[in-house]
Amino acid sequence: MTDIEKVMQKILLQDSHKKNFEQMYDESLYDPNNMPIWLPHFAPYFATPKTIFYRVSLEQFVWLMSDDYKPNDVASFGTDIVKAIKDGFGEDPKLPLFLKGYTFSNKFTFSDCIIRSLDPLNVGRQALNIAYSAMCVGANYQAGFAIREFIDPNCKLPKIYGGMPLHTEFRTFYNFDTKKLLAVYPYWDKETMLANLRGFDRDTFADYANILDGKFTGSIVEVTKLAEHQLRLVDGLQGIWSVDFMKDVSSKVWLIDAAAGCQSYYYERLGIG
């Protein structure tokens with residue numbers, strides 16, 4: 001192979017990779033599970049944390065999948081996110097804020113999810129960690145990030161995963177084709193949690209598990225009625241979705257997450273297909 005042919009082959013290979021990245025970017029950008037896609041359907045009918053979105057560019061999307069994370073590049077990435085935060089929350093936003101990918105929150109390393117300062121290097125590193133962790137666990141590539149109001153930042157609830165409060169949370173399944181609520185489950189499944197947690201997190205959860213169960217049982221009627229009444233008003237979604245709710249320390253119920261039902265924990269318990 002001549003030198004010219006080698007150069008042409010390299011160009012063709014780079015072009016092929018670029019097309020693959022462009023296709024992956026488009027697929028990630030229009031994933032129905034992306035928060036910017038589904039949240040507008042729910043927001044008119046439920047209390048939701050204030051949320052702004054930062055959509056990564058194709059160049060940043062490719063960089064997030066690389067292994068070339070120089071501090072200057074991370075800080076530059078963080079600078080863009082900080083600008084979006086200030087545009088959405090004001091020049092001096094109330095901290096902390098909650099950070100997650102469009103489809104992935106990295107809750108198991110919760111420190112990555114809590115924005116405590118607007119230092120660009122720190123914010124960039126946190127977003128990078130979330131995107132990288134999503135790839136490591138086989139979640140979808142992140143085409144952007146959600147920055148959200150942090151509910152109960154100073155609450156005294158027990159915490160696991162390095163800072164995640166054990167609020168009372170509910171996972172519902174709703175069929176938007178039939179407008180029917182299918183199930184309501186405790187988000188913190190005691191058996192699953194105790195089987196998988198270790199060390200401090202397991203001890204913390206074990207000490208609080210019965211209290212969580214009691215809070216779930218005491219609120220399930222309220223959350224069921226809310227879901228049944230309000231979810232039927234939601235338009236533009238098809239099929240079965242999981243919709244997650246959280247009760248804060250003042251007993252206010254927030255809609256905090258949603259996803260295609262078949263990709264959500266507990267789906268198999270519905271006995272569908």
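Colleague: What does Gly-90 do just after α4?

Modeller: Gly-90 takes a positive phi there, about 100°. Keep in mind that this is a predicted model.

Colleague: And α4 itself? How many residues does it have, and how far does it reach?

Modeller: Helix α4 covers residues 71-89, which is 19 residues. From first C-alpha to last it reaches 26 Å, close to the 27 Å expected at 1.5 Å a residue.

Colleague: Which residues of α4 are buried?

Modeller: Val-74, Phe-77, Gly-78, Ile-81, Val-82, Ala-84, Ile-85 and Phe-89. Seen down the helix axis, the buried residues of α4 fall within an arc of 160°, so they line one face.

Colleague: Which exposed residues sit on the face turned away?

Modeller: Asn-72, Lys-83 and Asp-87.

Colleague: What covers the buried residues of α4?

Modeller: The cover includes strands β1 (51-55), β2, β3 (114-115) and β4. Helices α3 (58-64) and α5 (120-136) are also part of the cover.

Colleague: Moving along the chain. Where is Pro-96?

Modeller: In the loop between α4 and β2. A cis peptide bond joins Leu-95 to Pro-96, with omega about 5°. Most peptide bonds are trans.

Colleague: Back to phi. What is the value for Lys-179, and where does that residue lie?

Modeller: Phi of Lys-179 is near 55°, a positive value in a residue other than glycine. Lys-179 lies in the loop between β7 and β8 (180-186). Most residues other than glycine have a negative phi.

Colleague: What about phi of Tyr-266?

Modeller: Near 90°, again positive in a residue other than glycine. Tyr-266 lies in the segment after β10.

Colleague: Is Tyr-266 buried or exposed?

Modeller: Tyr-266 is buried, at 1% relative accessible area. Lys-179 has 33% relative accessibility, so it counts as partly exposed.

Colleague: New topic, pockets. What volume does the largest one have?

Modeller: About 1300 Å³. There are 46 lining residues, and the closest to the pocket centre are Ser-105, Lys-107, Arg-171, Tyr-187 and Asp-257.

Colleague: Which elements each supply at least two residues of that lining?

Modeller: β2 (97-101), β4 (144-149), β6 (164-165), β7 (168-175), α6 (190-196), β9 (240-247) and β10 (253-260).

Colleague: Where does the largest share come from?

Modeller: From β10, with 4 residues.

Colleague: How does the lining divide by residue type?

Modeller: It has 24 nonpolar residues, 12 polar and 10 charged.

Definitions and conventions
Residues numbered from 1 in each chain as written. Predicted model: local features only at pLDDT ≥ 70, side-chain atom pairs only at ≥ 80, totals over all residues. Heavy atoms only, no water. 1 Å grid on protein atoms, 1.4 Å probe; cavity = no way out; pocket = protein on both sides within 12 Å on 5 of 7 lines; lining within 4 Å. Points joined across faces, edges and corners; volume = space filled by probe spheres on them. Nonpolar A, V, L, I, M, F, W, Y, C, P; charged D, E, K, R; others polar. Expected span 1.5 Å × (residues − 1). Buried < 20%, exposed > 50% of the residue type's maximum accessible area, 1.4 Å probe, protein only. Arc of directions from axis to C-beta. Contact = heavy atoms within 4.5 Å.
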